[in-house]
Amino acid sequence: MDRKPGNPAPSGAPATSRRALLRGGLALGAVAAAGLANSVHADAEAKAAAGPVDYPSAVWSPASTSNYTASNRTTSYPIDLVVIHVTQENYADTIRLFQDPTHAASAHYVVKSSNGAIAQCVREHDIAWQAGNWGYNTRGIGIEHEGWVDQPAYFTTAMYHSSAALTAAICDKYGIPKDRDHIIGHVQVPGTDHTDPGPHWDWVRYIRLVNGV
Ligand SMILES: [Zn+2]
């Protein structure tokens, strides 16, 4: 593509047409380069539209940078916990709250009740302020589920399946065991006064789904 004048013509090319071949080659090269530039540009545009998500089917809905700690996990801290939450807000309001720089809380993901859609609000390498405990925050990926702890109707099959697939992917990525010692509720975090995901969250079903059984 950057063939310089004076470089040998391709072997077998008749001497008389060497100049034409070179000119043709350069022209083709320019077209190819333009094509490459276009496709690089298209890739960049596609990435920007999709956002920098860690989970391909998530939609990037970034939290305010005031609501989490930038980091470079797993170099800075190992990740060995998934923390399950229930929002006590609806899906859209949860995302809006994470975007409010005064909210002082966030989670990596929010799962929508009605159809299991997933928003990613904080990159996995960053530390979401989700567990209310710095040690657990540094080790954890937080997943919020749209609903209220006393309203089990919010915990739909679509939500269980979608969230379990997300947790399974996180566990596979970081080598986290798919068990209740490593996939915990916010309620299990030392020092918390939160009760989520609450008594209606079906842990047996969830862990089974995470393990693909
Ligand atoms: Zn919580």
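The following questions and answers go through a predicted model of one protein chain.

Biologist: How are residues numbered, and which pLDDT limits apply to this predicted model?
Modeller: Residues are numbered from 1 along each chain as its sequence is written. This is a predicted model in which totals for chains, interfaces and linings use all residues, local features need pLDDT of at least 70, and side-chain atom pairs count only at pLDDT 80 or more.

Biologist: How many helices and strands does the protein chain have?
Modeller: Helices (H or I, at least four residues) and strands (E, at least two) are DSSP runs, numbered from the N terminus. Along the sequence they follow the pattern α-β-β-β-α-β-β-β-α-β-α-β-α. The count is five helices and eight strands.

Biologist: What is the strand order in the open sheet, and which strands are at its edges?
Modeller: Two strands pair if DSSP finds at least two bridges between them. The open sheet has six strands with mixed pairing, in the order β1-β5-β4-β7-β3-β8. An edge strand pairs on one side only, and here those strands are β1 (59–60) and β8 (183–185).

Biologist: Which residue of β7 stands opposite V86 of β3?
Modeller: Strands β3 (residues 81–86) and β7 (residues 140–145) run parallel and are joined by six bridges. L81 has G140 as its bridge partner in β7. The residue opposite V86 is H145.

Biologist: Which residue of β8 stands opposite V82?
Modeller: β3 also runs parallel to β8, with three bridges between them. Contact here means that C-beta atoms, placed from the backbone, lie within 7 Å. Leaving aside neighbours within four places in sequence, the contacts of V82 include G140, I141, H182 and I183. The residue opposite V82 in β8 is I183.

Biologist: How many residues of β3 are buried?
Modeller: A residue is buried if 20 or more other C-beta atoms lie within 10 Å of its own, exposed if 12 or fewer, and partly exposed in between, with C-beta atoms placed from the backbone. L81, V83 and H85 point one way from β3, while V82, I84 and V86 point the other way, and all are buried. The strand is mostly covered, and the number of buried residues is six of six.

Biologist: What share of the protein chain is buried?
Modeller: Among contacts between residues at least 6 apart in sequence, 72% join residues at least 24 apart. The protein chain has 213 residues, and the buried share is 32%.

Biologist: Which element supplies the largest share of the largest nonpolar core?
Modeller: A nonpolar core is a set of buried Ala, Val, Leu, Ile, Met, Phe, Trp, Tyr and Cys residues joined through C-beta atoms within 7 Å. The largest has 39 residues, and those with the most contacts inside it are V82, A107, Y109, V110, A119, C121 and I143. Elements that each supply at least two residues include β3, α2 (91–99), β4 (109–111) and α4 (157–174). The largest share, six residues, comes from α4.

Biologist: Why do the buried residues of α2 lie on the same side, and which strands do they pack against?
Modeller: The buried residues are Y91, T94, I95 and F98. They lie on the same side of α2 because they cover an arc of only 95 degrees around the axis, the arc being that of the directions from the helix axis to the C-beta atoms. They pack against β4, β5 and β7.

Biologist: Is G142 buried or exposed?
Modeller: G142 is found in strand β7. Its contacts, leaving aside neighbours within four places in sequence, include V83, H85, A107 and H108. With 26 other C-beta atoms within 10 Å, G142 is buried.

Biologist: Is N67 buried or exposed?
Modeller: N67 is in the loop between β1 and β2 (68–69). N67 and H103 are 36 residues apart in sequence and 6.7 Å apart in space, C-alpha to C-alpha. N67 has 23 C-beta neighbours inside 10 Å, so N67 counts as buried.

Biologist: Where is the cis peptide bond that has omega near 10 degrees?
Modeller: One cis peptide bond, with omega near 5 degrees, runs from R73 to T74, and T74 lies in the loop between β2 and β3. P197 is found in the loop between β8 and α5. The cis bond with omega near 10 degrees runs from D196 to P197.

Terms used. Contact = placed C-beta atoms within 7 Å.
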